[in-house]
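Me: I'm new to this one and would like a walk through it. Can we take it one question at a time?

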Amino acid sequence: MNLPSDPVMLMSVVNVALRDRFPSLERFCKANNISEDEIRTRLAAINYEYDEELNQFK
């Protein structure tokens, strides 16, 4: 999957993937060959944090 560089679009793509296809951020990152730290850092820049219980960024 080609992930968007825009953080708002990235958040949307990641949350839809987490909702529809992946049971965890870890599985999403492994499937897309990207580090969790990179996703978390890019989304923290727009004040979003991963909620493990909800399996989404909010």
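Me: What does the accessible surface of the chain come to, and what share belongs to carbon and sulfur atoms?
Reply: Keep in mind that this is a predicted model. The accessible surface comes to about 4000 Å². Carbon and sulfur atoms hold a share of that surface, namely 45%.

Me: In what order do the elements of the chain run from the N terminus on?
Reply: There are 3 helices and 2 strands to place. Starting at the N terminus, the order is α-α-α-β-β.

Me: Which helix gives the largest share of the largest nonpolar core?
Reply: That core has 15 residues, and Val14, Leu18, Leu25, Phe28, Ile39 and Phe57 touch the most other members. At least two core residues come from each of H1, helix H2 (25-31) and helix H3 (36-44). The largest share, 5 residues, is from H1.

Me: Which residues is phenylalanine 28 in contact with, leaving aside its neighbours within four places in sequence?
Reply: Phenylalanine 28 is one of the core residues that touch the most other members. Leaving those sequence neighbours aside, its contacts are Met1, Leu3, Val14, Ala17, Leu18, Phe22 and Ile39.

Me: Does valine 8 count as buried, exposed or partly exposed, and why?
Reply: Valine 8 sits in helix H1, which covers residues 7-20. Buried means under 20% relative accessible area and exposed means over 50%. Valine 8 has 47% relative accessibility, so it counts as partly exposed.

Me: How far apart are the mean positions of the positive and negative charges?
Reply: The chain has 7 positive and 10 negative charges. Take the mean position of each set, and the separation is 5 Å.

Definitions and conventions: Residues numbered from 1 in each chain as written. Predicted model: local features only at pLDDT ≥ 70, side-chain atom pairs only at ≥ 80, totals over all residues. Heavy atoms only, no water. Helix = DSSP H or I, 4+ residues; strand = E, 2+ residues; numbered from the N terminus. Buried < 20%, exposed > 50% of the residue type's maximum accessible area, 1.4 Å probe, protein only. Core = buried A, V, L, I, M, F, W, Y, C linked by side-chain atoms within 4.5 Å. Contact = heavy atoms within 4.5 Å. Areas by Shrake-Rupley, 256 points an atom, 1.4 Å probe, with all protein chains shown as cover. Lys, Arg positive; Asp, Glu negative; His and termini not counted. Charge placed at Lys NZ, Arg CZ, Asp CG, Glu CD.
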